[in-house]
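Got your viewer open? Load the model, switch on a cartoon view, and keep the selection box handy.

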Amino acid sequence: MRDPSFPHRHLLGIEGLNSAEINYLLDLSERYVDLNRGAQKTSTILSGRTIVNLFFENSTRTRTSFELAAKRLGANVINMQVETSSVSKGETLIDTAVTLNAMHPDVLAVRHPDSGAVKLLADKVNCGVVNGGDGSHEHPTQALLDALTIRRRKGKLNGLLVAICGDVLHSRVARSNFLLLLTMGARVRIIAPRTLIPSNVDRMGVEVFTDMAAGLKDADIVMMLRVQNERMRGSFIPSIREYFHFFGLDHEKLKQAKPDALIMHPGPMNRGVEIDSDVADDVERSAIREQVEMGVAVRMAVLEVLAKNSMSHNADDTLGRTGT
Ligand code: CP
């Protein structure tokens, strides 16, 4: 039977999740924070299960934390080396997925540079799939780990004012965070140069600012985004120096936010571009390292639930009554 509190086979995005499902994953993650902080960090809950990491794009935090999460739950983990796999001989995404599926994994954790590619793959397999980031579309476990970090520091999500600043246009982190934070009752502002604001973003229910002082006013959370040069086709900012002057977070600009405002960044950071090192490393205000810690706990919760649901899907498949 699928987990009634999270009855989904895949986690492809925050879109489509309700507040009860998000809270369920966050509550489950809390238990893993405690486990990870103890001396004995392992559980046998996924003993005998297989998790495959399939990353078509570079990653430090997401890939490592999926591996660590799976190992701490007692699962077998395969890290597919895409560059030395048959993908380099021209094998398609779908053929790769179908090939891996034939080996009966329980969950695939997938990152891909193209928006929608992870959904395409999920449609071809009968195991669970978790999106580790697809193009500029979604990065659901990042939004969940950000929410867990905020909830632990502020005690709630509802009613908080969250300012998300920087390269919103190319950011899957921003999109997943808008969806999650708005679902949980937070107020969301974006602050960015006009060239880095998506055209339809105000229709999502976020407030749009092009001035840091105005946008940061009274914010509870200041979430900075990486300038994503790898996704930019053409020039979106005049120069790094000018970008930092107007949109880089330093202690002077931070004065506009609440005195206890939390500073966040999904990483990897471009120090001196979107964030000043003094702010990023401020032990009183910055939650950036805690975000990484929460990433392991969140991915443990997600793998536990998806592996459980995958087993139920395969049982249904045998009985001829599958659904997604
Ligand atoms: N935040 C994030 O996705 O980092 P990585 O690219 O290192 O996984």
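What follows is a walk from the ligand to a helix, then to the cysteines and a few backbone oddities. Keep in mind that this is a predicted model.

**Stop 1: the ligand.** Select the ligand and show the residues around it: S59, T60, R61, T62, R111, H139, Q142, P266 and G267. Colour them by type and you get 1 nonpolar, 6 polar and 2 charged.

Now draw some distances. From T60, pick a polar backbone atom, which sits 2.8 Å from an oxygen atom of the ligand. For T62, go to the side chain instead: one of its N or O atoms is 2.6 Å from a ligand oxygen. Over at P266, a polar backbone atom is 2.9 Å from a nitrogen atom of the ligand. How much of the ligand's accessible area does the protein cover? On its own the ligand has 260 Å², and the protein covers 92% of that.

**Stop 2: a cis peptide.** Stay with G267 from the ligand shell and step on to P268. The peptide bond between G267 and P268 is cis, with omega near -10°. P268 itself belongs to the loop that runs between β9 (262-264) and α10 (277-280).

**Stop 3: helix α1.** Select residues 19-37, which make up α1. Put a distance between its end C-alpha atoms and you should read 27 Å; that agrees with the 27 Å expected for 19 residues at 1.5 Å a residue. Just ahead of the helix, zoom in on N18, which caps the N-terminal end: a side-chain oxygen of N18 is 3.1 Å from the backbone nitrogen of A20.

Next, pick out the buried positions of α1: E21, I22, L25, L26, L28, S29, Y32, V33 and N36. Look at their spacing with this in mind: an α-helix has 3.6 residues a turn, so residues three or four places apart point the same way.

**Stop 4: cysteines.** Select C127 and C165. Are they buried or exposed? C127 has 0% relative accessibility, so it counts as buried, and C165 is buried too, at 1%. Don't hunt for disulfides, though: the structure holds 0 of them.

**Stop 5: positive phi.** Finish with two loop residues. H104, in the loop between α3 (93-101) and β3 (107-112), has phi near 55°, a positive value in a non-glycine residue. H104 counts as exposed because its relative accessibility is 64%, over the 50% cut-off.

Then jump to D218, in the loop between α7 (212-216) and β8 (221-224). Phi of D218 is near 65°, again positive and again not a glycine. At 40% relative accessible area, D218 is partly exposed.

Methods:
Residues numbered from 1 in each chain as written. Predicted model: local features only at pLDDT ≥ 70, side-chain atom pairs only at ≥ 80, totals over all residues. Heavy atoms only, no water. Near = heavy atom within 4 Å. Polar contact = N/O pair within 3.5 Å; in protein donor to acceptor, adjacent residues only side chain to side chain. Areas by Shrake-Rupley, 256 points an atom, 1.4 Å probe, with all protein chains shown as cover. Nonpolar A, V, L, I, M, F, W, Y, C, P; charged D, E, K, R; others polar. Disulfide = S-S within 2.5 Å. Buried < 20%, exposed > 50% of the residue type's maximum accessible area, 1.4 Å probe, protein only. Helix = DSSP H or I, 4+ residues; strand = E, 2+ residues; numbered from the N terminus. Expected span 1.5 Å × (residues − 1).
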